[in-house]
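Let's take a walk through the inside of this one, starting with the greasy parts and moving on to the rings and the cysteines.

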Amino acid sequence: MRDTGYSKKLIPILIAVVSLALIFSFVMPAFAESTTVAAVEDEGFLGEIKTFFVDIWKDIDRVLLKNNNYKHITNGLLITLEITFFALLIGLFLGFAVAIVRSTHDKTGKMKLLNKICQLYLTVIRGTPVIVQLLVIYYLWLGKAGVHENTAAIIAFGLNSGAYVAEIMRSGIMSIDKGQFEAGRSLGFSYFHTMLYIILPQAFKNVLPALANEFIVLLKETSVASFIAVKDMMKGANALVGSTYNMNVPYLTVALIYLVLVLGLQKLVSLLERRLRNSDH
Amino acid sequence: MTTDTLIRVEDLHKSFGELQVLKGINQEIRKGEVVVIVGPSGSGKSTFLRCLNLLETPTSGKIFFEGQDLTEKKVNINSHRQEMGMVFQHFHLFPQMTILKNMTLAPIKLLKKSKIEAEQTAMELLSRVGLADRAEAYPSQLSGGQKQRIAIVRALAMSPKVMLFDEPTSALDPEMVGEVLEVMKELALSGMTMAVVTHEMGFAKEVGDRILFMDEGIIMEESTPDEFFNNPKNKRTQEFLSKIL
């Protein structure tokens, strides 16, 4: 396929660019510091470069490696992944259910009450910032009930993601030709089974790029979970900033990890897309 | 009602909002009969056909299939539809599935056939229409005529008691019409009960047992093909035939 070679090249190039940016971002402060050291001048330009890398290494060593500091970030990474994964499952399930209710209502006029409930849900979730939802759900509800903050975060992000998945899936369902429905029904499939076997697989394929985008947003949005004391990756980075007074290393490390995660996710989605494209010729 | 009546329609009305499409149709289709429904566009022939398996819900009137009124609320229409195959103008094959999957999905899920059994039946049907070598192809790889032949055997895989054809050749390139009509002719000869909405007068003449001429939401004339083409009685029928023949 045409884009195989392209994406194979793209990912290492991107990683290289990011790594360069990471290194470059150390240049300015490190350069400024090193020039103040008089001894450098004796060794000339090469010495400057050497000092520069040594300084970076010293920072990384001090901030990340000493006292197993990196564990703040790696443990946080696991929690970030955990929250994202389960929120994604909830979001998909909720989204599919809401999309089916909404499109059934649009097509047949049935399920009036359920449709109203779904509309209310969509309005509230899409009308308020995710961080507000997170705080409300945790501090006004689940936290009071003694639910662990990670679970609360999973529920909050799942509820949030469900609303976006629902509208994406609904647009996918509505994009499928009415004839596909009729063909399914004429064979004797119930409305629900026609949806399940015939419509949803096609709808899913059509909206996969939009869904992938939603998952990427979800992964990155979980970084606000630290607001309810979830020890995710962002919290870990903040802890390191607080204890080492260095901002470059923790934040740029977290940025790099998020970027790699998103690239990985994109890769997975493009593999899935290619699989689903089997039927196009 | 004679015992060999398969479908009986009583005083069928259908409106879309203000628009009255069917204005009282009474009709019977007997087992093994090929009924061809013709008429100008907008006359309600497709709507009539689609009411037979309740793809359109009648506004009033009754549809009896094997003596059971399908318009009754408690009727499980899905189980009756399994016995009424339908072929559409635009084929409506499932694009994400191979031909074989298209044909075995309903038999496996609804008739609870085993995969092997369903695939065997599908392959037999595919050989019957000369497409056995395309079993693993996807619909997008087929020509219109091939798609429609697949659509016919997909419906046949459910072993229906009647086949409803809604303008099966209208979306085809002219050179592909023949291959589809050929399959339909064979099906008629095998004794299948068929209701066919079509503009193919040659097919109507050759294969039809009875012709219904519809206009303005009612059946204007009903006769044998011979009578219909050589000696039409209704003025509207004569006008219609003079335009198309």
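Which residues does Leu52(B) touch, leaving aside those up to four places away in sequence? This is a predicted model, so read everything below in that light. In it, Leu52(B) touches Ile7(B), Val9(B), Ile29(B), Ile63(B), Leu70(B), Met84(B) and Leu164(B).

Leu52(B) also turns up in the bigger picture. The largest nonpolar core has 74 residues, and Leu52(B) is listed with Phe157(A), Ile7(B), Phe48(B) and Ile63(B) as having the most contacts inside that core. Helix α8 of chain A (residues 191-221) supplies the largest share of this core, with 10 residues. Apart from that core lies another one, of 48 residues; Ile99(B), Ala122(B), Ala135(B) and Ala137(B) are among its members.

Now for the rings. Over all chains, the structure holds nine aromatic pairs. Here are two of them:

| Pair | Geometry | Centre to centre | Angle between planes |
|---|---|---|---|
| Tyr138(A) and Tyr139(A) | edge-to-face | 5.0 Å | 70 degrees |
| Phe213(B) and Phe240(B) | tilted | 5.1 Å | 50 degrees |

The Phe213(B) and Phe240(B) pair ties together distant parts of the chain: Phe213(B) sits in strand β9 (residues 210-215) of chain B, Phe240(B) sits in helix α9 (residues 235-244) of chain B, and they are 27 residues apart. Both of these phenylalanines are buried. They don't stand alone, either: ring pairs link Phe213(B), Phe228(B), Phe229(B) and Phe240(B) into a cluster.

Back to the tyrosines: is Tyr138(A) buried or exposed? Tyr138(A) counts as buried because its relative accessible area is 15%, which is under the 20% cut-off. Its partner Tyr139(A) has 43% relative accessibility, so Tyr139(A) counts as partly exposed.

A couple of charged side chains also find rings to sit on. Lys205(B) lies over the face of Phe229(B), at 5.0 Å from the ring centre, and Phe229(B) is one of the residues in the phenylalanine cluster. Elsewhere, Arg154(B) lies over the face of Phe94(B), with 4.3 Å to the ring centre.

Last stop, the cysteines. How many disulfides does a search of the whole structure find? Zero, over all chains. As for where individual cysteines sit, Cys118(A) has 7% relative accessibility and so counts as buried. Cys51(B), at 0% relative accessibility, is buried too.

Technical notes: Residues numbered from 1 in each chain as written. Chains lettered and ligands numbered in written order. Predicted model: local features only at pLDDT ≥ 70, side-chain atom pairs only at ≥ 80, totals over all residues. Heavy atoms only, no water. Core = buried A, V, L, I, M, F, W, Y, C linked by side-chain atoms within 4.5 Å. Buried < 20%, exposed > 50% of the residue type's maximum accessible area, 1.4 Å probe, protein only. Helix = DSSP H or I, 4+ residues; strand = E, 2+ residues; numbered from the N terminus. Contact = heavy atoms within 4.5 Å. Phe/Tyr/Trp six-rings, centres within 6.5 Å; stacked < 30°, edge-to-face > 60°. Lys NZ or Arg CZ within 6 Å of the ring centre and 35° of its normal. Disulfide = S-S within 2.5 Å.
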